[in-house]
Amino acid sequence: MNSLQRESTTGLISVIVLAIVFSIGIITPGILVLDYVHVLYGALWTGTDVFLGAIFFIVINSLDNNIKADIARRLIPMTLYFIPALSIFTVSSGITLAIREKIISFDPLFIGIFSIAALLLILTIFFILPMSLKIYREQFSENLNRETVSKNLMNISRVATVQLILQVAIISLMAYIVVYA
């Protein structure tokens, strides 16, 4: 097993762990465990985007394509497996939580929250995931195009920056609901 396959296995394991914890939150009666799972996953997702979108972007921007390609190989488990799973489980647990708490409605505040959540999922599934797949496939090609890998890695970082801004917005709206609703 080469290092890329080993790192991909690690990514798959992270998805399984996330799925198990999410399932525990879903099947446990009440809201306490589900709320914990939602907040924990949201914090992990936001923290990942802080790293990828803010810190990582600044650091990697100055590196050459060879180093970026090496870094990309190690980030694949996170961008290909962990981030998509985390985004799906965070949004799903949030919707389930709102339904269980009987606070879900279609007023402008919730429409805003649903819209941002949908946009976050779209960014993950239609941008981060395909770019990660391109990097993954490129790592297995006979003639590794480091420029392509570097470009996709920088694009992932840019999308993570947009997600970070949207996450701050959605967290603010959810905090408003908790305090004032």
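## Exercises on a predicted helical model

Leu119 sits in helix H4. The model is predicted. Work through the exercises in order.

**Exercise 1.** Classify Leu119: buried, partly exposed or exposed? Then give the C-alpha separation of Leu119 and Asn155.

*Solution.*
- Step 1. Take the relative accessibility of Leu119, which is 39%.
- Step 2. Apply the cut-offs: buried is under 20%, exposed is over 50%, and partly exposed lies in between.
- Step 3. Leu119 therefore counts as partly exposed at 39%.
- Step 4. Turn to the pair. Leu119 and Asn155 are 36 residues apart along the chain. Their C-alpha atoms are separated by 17 Å.

**Exercise 2.** Place Gln139 in an element, classify its burial, and find which backbone oxygen its side chain reaches.

*Solution.*
- Step 1. Gln139 belongs to helix H4, which covers residues 108-140.
- Step 2. Its relative accessibility is 13%. The cut-off for buried is under 20%, so Gln139 is buried.
- Step 3. The Gln139 side chain reaches the backbone oxygen of Ala69 at 3.4 Å.
- Step 4. Polar contacts require N or O atoms within 3.5 Å. The 3.4 Å distance from Gln139 to Ala69 is within that limit.

**Exercise 3.** Describe the setting of Arg74: its helix, its exposure, and its partners Glu7 and Asp70.

*Solution.*
- Step 1. Arg74 lies in helix H3, residues 65-100.
- Step 2. Its relative accessible area is 52%. Exposed means over 50%, so Arg74 is exposed.
- Step 3. The side chain of Arg74 reaches the backbone oxygen of Asp70 at 2.9 Å.
- Step 4. Now compare backbone positions. Arg74 and Glu7 are 67 residues apart along the chain, with 6.9 Å between their C-alpha atoms.

**Exercise 4.** State the element order of the protein, then decide why it counts as being as compact as a globular protein of its length.

*Solution.*
- Step 1. Count the elements: five helices and zero strands.
- Step 2. From the N terminus, the order is α-α-α-α-α.
- Step 3. The radius of gyration is 18 Å, and the globule rule gives 16 Å for 181 residues. The two values are close, so the protein is as compact as a globular protein of that length.
- Step 4. Add the extents. The C-alpha trace spans about 55 × 30 × 20 Å along its principal axes.

**Exercise 5.** What share of contacts between residues at least 6 apart joins residues at least 24 apart, and how is the surface made up?

*Solution.*
- Step 1. The share of those contacts is 81%.
- Step 2. The protein exposes about 9600 Å². Carbon and sulfur atoms supply 71% of that area.
- Step 3. For burial, 40% of the 181 residues count as buried.
- Step 4. For charge, there are 11 positive and 10 negative side chains. The centres of the two sets lie 4 Å apart.

Key
Residues are numbered from 1 along each chain as its sequence is written. This is a predicted model: local features need pLDDT of at least 70, side-chain atom pairs count only at pLDDT 80 or more; totals for chains, interfaces and linings use all residues. Side-chain values use heavy atoms; hydrogens and water are left out. Helices (H or I, at least four residues) and strands (E, at least two) are DSSP runs, numbered from the N terminus. The radius of gyration is taken over C-alpha atoms; the globule rule is 2.2 Å times the number of residues to the power 0.38. Buried means under 20% relative accessible area, exposed over 50%, partly exposed in between (1.4 Å probe, protein chains only). Contact means heavy atoms within 4.5 Å. Accessible areas come from the Shrake-Rupley method with a 1.4 Å probe; for residues, only the protein chains shown count as cover. Lys and Arg count as positive and Asp and Glu as negative; His and the chain ends are not counted. The place of a charge is taken as NZ of Lys, CZ of Arg, CG of Asp or CD of Glu. A polar contact is a pair of N or O atoms within 3.5 Å; within protein, one must be able to donate a hydrogen and the other to accept it, and residues adjacent in sequence count only if both atoms are side-chain atoms.
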